[in-house]
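Visitor: I am new to protein models. Could you take me through the aromatic rings and the helices around them, step by step?

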Amino acid sequence: MESINIIDAGKHVDEEVVIGAWLTNKRSSGKIAFLQLRDGSAYFQGVVIKANVAEEIFELAKELKQETSIKITGTIHEDQRSHFGYEIEISNIEVIGESDEYPITPKEHGTDFLMDNRHLYLRHQKPFAIMKVRNEIIRATYEFFNNEGFTKLDAPILTGSAPEGTTELFETDYFGQPAFLSQTGQLYAEAGAMAYGKVFTFGPTFRAEKSKTRRHLTEFWMIEPEMAWMHQEDSLELQERYIAFLVQNVIDHCAYELKLLDRDIETLRKYTQLPFPRLSYDDAVELLKENGFDVEWGVDFGSPEETFLANHFEKPVFIVNFPKAIKAFYMKRHPLRDDVVISADLLAPEGYGEIIGGSERDTDYEYLKARIEEQGLSLDEYGWYLDLRKYGSVPHSGFGLGLERAVTWITGTEHIREAIPFPRTITRIRP
Ligand code: ATP
Ligand code: MG
Ligand code: MG
Ligand code: MG
């Protein structure tokens with residue numbers, strides 16, 4: 001008899017199969033027991049009919065405790081009433097691992113409790129669906145960039161420098177020297193682009209974010225493509241195709257998960273329609289002012305401004321050409337203006353804010369050297385980076401997508417801590 005994952009039930013209708021599963025809930029009457037089960041691929045119902053099984057199997061089914069692991073034998077039937085579409089009529093149950101009194105009961109629990117029990121909570125439907133979508137986004141990311149001719153380049157996690165600002169650094173001791181956990185792989189990606197043309201880094205990223213928001217983790221995963229020979233407009237086109245590809249693949253491959261999350265597919269479909277609007281920072285400030293926001297030219301947008309801008313267009317929107325003073329030193333100067341840089345943030349609608357930050361990179365050695373000094377960064381640390389401008393520099397652009405921002409938005413989840421298996425925030429480092 002074949003051992004299967006229940007997600008493949010459709011290929012085994014009316015067949016007898018074996019499934020390794022855990023009990024999530026149960027109810028029974030004198031004649032029938034309904035077991036709610038999960039096997040890691042889906043949530044489904046097993047039915048034990050007293051008249052059709054040995055007496056001890058029916059008794060065992062009635063006594064199983066939540067989270068007991070079992071091997072069940074049974075026949076798959078279609079079941080249009082469930083999210084999943086199939087159920088299994090059980091003929092035999094073998095207990096593999098007993099379960100103690102399980103702390104996460106079917107009643108409502110608070111967020112802190114669930115996060116304290118994250119190692120167990122991952123088993124439940126909402127985290128399950130989010131993690132499967134996260135996995136699909138990762139899978140589709142590799143597919144997209146491989147198809148586009150990119151090489152994945154792994155950037156170091158332990159670094160000697162802090163390109164995104166010194167206030168959000170995690171410092172550690174590196175054999176007696178200070179070292180920092182990576183805030184971005186970008187500078188290394190630039191070295192990679194000069195070596196292999198188009199590269200992307202994808203790794204853990206650390207920022208000691210001191211504020212508590214729904215969008216900031218202290219440890220998150222970032223995908224950072226960097227493209228030699230690409231100017232900003234080509235990069236924006238790549239970004240929007242990438243985002244549309246992610247959303248389309250989630251729609252195509254995660255229908256069951258989106259149903260579990262109650263995520264409206266028609267809303268998601270709108271995000272696959274290109275192009276995304278582009279709005280200059282100058283115009284964004286005007287639009288915000290016209291709509292009652294108290295913003296001055298020169299400030300970075302916060303969550304209310306970002307939410308308004310993307311909702312205004314009902315689509316992800318690029319805000320382009322930010323003030324130089326609020327952006328990183330490596331961004332390219334605007335050819336006609338000294339006060340802005342050729343940069344873009346992609347803002348997601350429905351209140352999810354910035355999901356991508358990117359720019360064209362300046363290629364001028366003397367300018368970058370001056371910018372590094374101006375920002376109080378050490379020339380010793382950035383000498384290797386400046387080398388990239390000394391030996392055959394070419395126009396190049398790149399961007400960073402926060403994986404958890406994308407997952408939170410695409411799944412329609414309220415808080416970014418739900419989008420990573422074991423979240424790290426200002427108040428949480430366990431489990
Ligand atoms: P924000 O303005 O939201 O603080 P940022 O401008 O500081 O973000 P970037 O340095 O541009 O972020 O990093 C690129 C991307 O990484 C962001 O667009 C976002 O998707 C993601 N990101 C940045 N900080 C965090 C964080 N603390 N937690 C999760 N994702 C983050
Ligand atoms: Mg930030
Ligand atoms: Mg930002
Ligand atoms: Mg940014």
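Guide: What follows is a walk from the whole chain to its ring pairs, and then to some helices. Keep in mind that this is a predicted model.

Start with the whole. The protein chain has 13 helices and 17 strands. Its C-alpha atoms fill a box of roughly 85 × 55 × 40 Å, taken along the principal axes. The chain has 431 residues, and 52% of them count as buried. Now take the contacts in the chain with a separation of 6 or more. Residues 24 or more positions apart account for 67% of these.

Now the rings. How many aromatic pairs does the structure hold? The count is 27. One of them joins Phe144 and Phe245. Their ring centres are 5.4 Å apart, and the planes make an angle of 50°. That pair is classed as tilted. Where do the two residues sit? Phe144 belongs to helix H4, residues 125–147, while Phe245 belongs to helix H6, residues 232–253. The pair therefore ties together parts that lie 101 residues apart in sequence. Are the two partners buried or exposed? Phe144 has 5% relative accessibility, so it counts as buried, the cut-off being under 20%. Phe245 has a relative accessible area of 22%, so this residue is partly exposed.

A second pair is formed by Phe293 and Phe308. This one is tilted too, with 5.2 Å from centre to centre and 55° between the planes. Phe308 lies in helix H10, residues 303–313. Phe293 lies in the loop between helix H9, residues 281–290, and H10. So this pair ties together parts 15 residues apart in sequence. Phe293 is partly exposed, at a relative accessible area of 21%.

Both Phe residues of that second pair also touch Leu288. Leu288 is found in helix H9. Its relative accessible area is 0%, so Leu288 is buried. Leave out residues up to four places away in sequence, and Leu288 touches Phe293, Val295, Phe301, Glu305, Phe308 and Leu309. For a sense of scale, pick Thr205. Leu288 and Thr205 are 83 residues apart in sequence, and their C-alpha atoms are 31 Å apart in space.

Go back to Phe144 and Phe245. Ring pairs link both of them into a cluster. The other members are Tyr142, Phe145, Phe150, Phe200, Phe202, Trp221, Tyr242 and Phe399.

Next come two helices in contact. Two packed helices are described by the angle between their axes and the distance between the axes. Take helix H5, residues 186–196, and helix H12, residues 379–387. Their axes come within 9 Å and cross at roughly 30°. Angles under 35 degrees count as roughly parallel, so H5 and H12 are roughly parallel to each other. H5 passes H12 in a left-handed crossing. Which residues meet there? From H5 come Leu187, Tyr188, Glu190 and Ala191. From H12 come Tyr382, Trp384 and Tyr385. This contact of H5 with H12 has 6 nonpolar residues, no polar ones and 1 charged.

End with helix H13, residues 403–411. How many of its residues are buried? The answer is 9 of 9, so H13 is mostly covered. Among them are Leu403, Glu404, Arg405 and Trp409. After H13 comes Gly412, with a positive phi near 70°.

Note on methods
Residues numbered from 1 in each chain as written. Chains lettered and ligands numbered in written order. Predicted model: local features only at pLDDT ≥ 70, side-chain atom pairs only at ≥ 80, totals over all residues. Heavy atoms only, no water. Axes fitted to C-alpha atoms, helices over the stretch in contact; angles between N-to-C directions. Helix = DSSP H or I, 4+ residues; strand = E, 2+ residues; numbered from the N terminus. Parallel < 35°, antiparallel > 145°, perpendicular 65-115°, else oblique. Left-handed = near helix turned anticlockwise from the far one by under 90°. Contact = heavy atoms within 4.5 Å. Nonpolar A, V, L, I, M, F, W, Y, C, P; charged D, E, K, R; others polar. Phe/Tyr/Trp six-rings, centres within 6.5 Å; stacked < 30°, edge-to-face > 60°. Buried < 20%, exposed > 50% of the residue type's maximum accessible area, 1.4 Å probe, protein only.
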